[in-house]
Amino acid sequence: MHENVININRVAKVVKGGRRFSFSAIVTVGDGKGKVGVSMGKANEIADAIRKGSEGARAAQMTVPMLGDTIPYKVIGRFGASRVLLKPASPGTGVIAAGGVRAILEAAGVKNILTKQLGSRNPNNVVKATMDGLKQLRTVEQFAAKRGITVAEVFGLEKTVAPVAEEAAPAAVAETPAETPAETPEAVEQKETQDNE
């Protein structure tokens, strides 16, 4: 498991005898094969805060749908005033990201991606916006199941409706002459003109 500490924050509480310091740590944990989790741990010591964050991240892991070594399509994750744009990239691009976004994507095992942090750069909100973006991703199989069609139909490669219509059409054409021997209005007009001549 890949474990990265994204941010450590020291908090001072002013009490009668002076200040008491505590620490918060944002930690991301991933297996490098599409699973990643992020959590924050708080404690009076840095080591304890990191350990708590790591435990929380392992418990909160989610699977990221991947297409090769990038994401399937562009998404924008949002949390608070932070927005994170995640865009698939061609092989050889690398991870174009900074700070918490890079740590999360590397832990997830994404090798090629373009990202941009928009709005607030607060580490807590950026991390949550990144996770929101990854949660929005779906595989083509999930889309197909939701719409009740096959994967090939999602891509527009095959259509099951058209062949049925084509099969029904010749049958209808074959039946028409036998069932309706009546003459069309145009044929009647032509006959009348011929008779008059």
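How many helices and strands does the protein chain have? The protein chain has 7 helices and 8 strands, where helices (H or I, at least four residues) and strands (E, at least two) are DSSP runs, numbered from the N terminus. This is a predicted model, in which local features need pLDDT of at least 70 and side-chain atom pairs count only at pLDDT 80 or more, whereas totals for chains, interfaces and linings use all residues. Residues are numbered from 1 along each chain as its sequence is written, and side-chain values use heavy atoms, with hydrogens and water left out.

**Figure 1. Overview of the protein chain.** Of the 197 residues of the protein chain, 29% count as buried; buried means under 20% relative accessible area, exposed over 50%, and partly exposed in between, with a 1.4 Å probe and protein chains only. Among contacts in the protein chain with a separation of 6 or more, 54% come from residues 24 or more positions apart, a contact being heavy atoms within 4.5 Å.

**Figure 2. The open sheet β1-β2-β3-β4.** Four strands, in the order β1-β2-β3-β4, make an open sheet with antiparallel pairing; two strands pair if DSSP finds at least two bridges between them. The edges are taken by β1 (2-15) and β4 (62-63), each of which has a single partner strand, so one side of each is left without a neighbour in the sheet. β1 and β2 run antiparallel and are joined by 13 bridges, with N9 standing opposite S24 in β2, and a hairpin connects β1 to β2 through 2 residues. The antiparallel pairing of β2 with β3 extends over 8 bridges, and T28 has V38 in β3 as its bridge partner. These two strands, β2 and β3, also form a hairpin, with 4 residues between them, and in its turn G32 has a positive phi of about 75°. Strand β3 (residues 35-43) pairs with β4 in the antiparallel sense over 2 bridges, and the partner of K35 in β4 is T63.

**Figure 3. Helices on the sheet β1-β2-β3-β4.** Helix α1 (residues 46-59) packs on the sheet, where it touches β1, β2 (18-30) and β3, and its direction makes about 145° with that of β3. Helix α3 lies across β1, β2, β3 and β4 and runs at about 155° to β3. For these angles, axes are lines fitted to C-alpha atoms, for helices over the stretch in contact, and angles run from 0 to 180 degrees between N-to-C directions.

**Figure 4. The open sheet β5-β6-β8-β7 and its helices.** In this open sheet of 4 strands, the order is β5-β6-β8-β7 and the pairing is mixed. Its edge strands are β5 (75-79) and β7 (95-96), each pairing on one side only. β5 and strand β6 (residues 82-88) run antiparallel and are joined by 5 bridges, and V75 stands opposite L86 in β6. α2 lies across β6, β7 and β8 (113-119), running at about 145° to β8. α3 packs on the sheet as well, touching β5, β6 and β8, and its direction makes about 135° with that of β5.

**Figure 5. The packing of α2 against α3.** Helix α2 (residues 99-108) and helix α3 (residues 123-136) pack at an angle of about 40°, and their axes are 8 Å apart. That angle makes α2 oblique to α3, given that angles under 35 degrees count as roughly parallel, over 145 as roughly antiparallel, 65 to 115 as roughly perpendicular and the rest as oblique. On the α2 side the contact is made by G100, V101, I104 and L105, and on the α3 side by V126, V127, T130, M131 and L134. α2 is mostly covered, with 7 of its 10 residues buried, namely G100, V101, A103, I104, L105, A107 and A108. Just after α2, G109 takes a positive phi of about 95°.

**Figure 6. The surroundings of R121.** R121 is placed in the loop between β8 and α3, and with a relative accessibility of 53% R121 counts as exposed. When residues up to four places away in sequence are not counted, R121 touches S82, K116 and V126. The C-alpha atoms of R121 and V84 are separated by 9.7 Å, although these residues are 37 residues apart along the chain.
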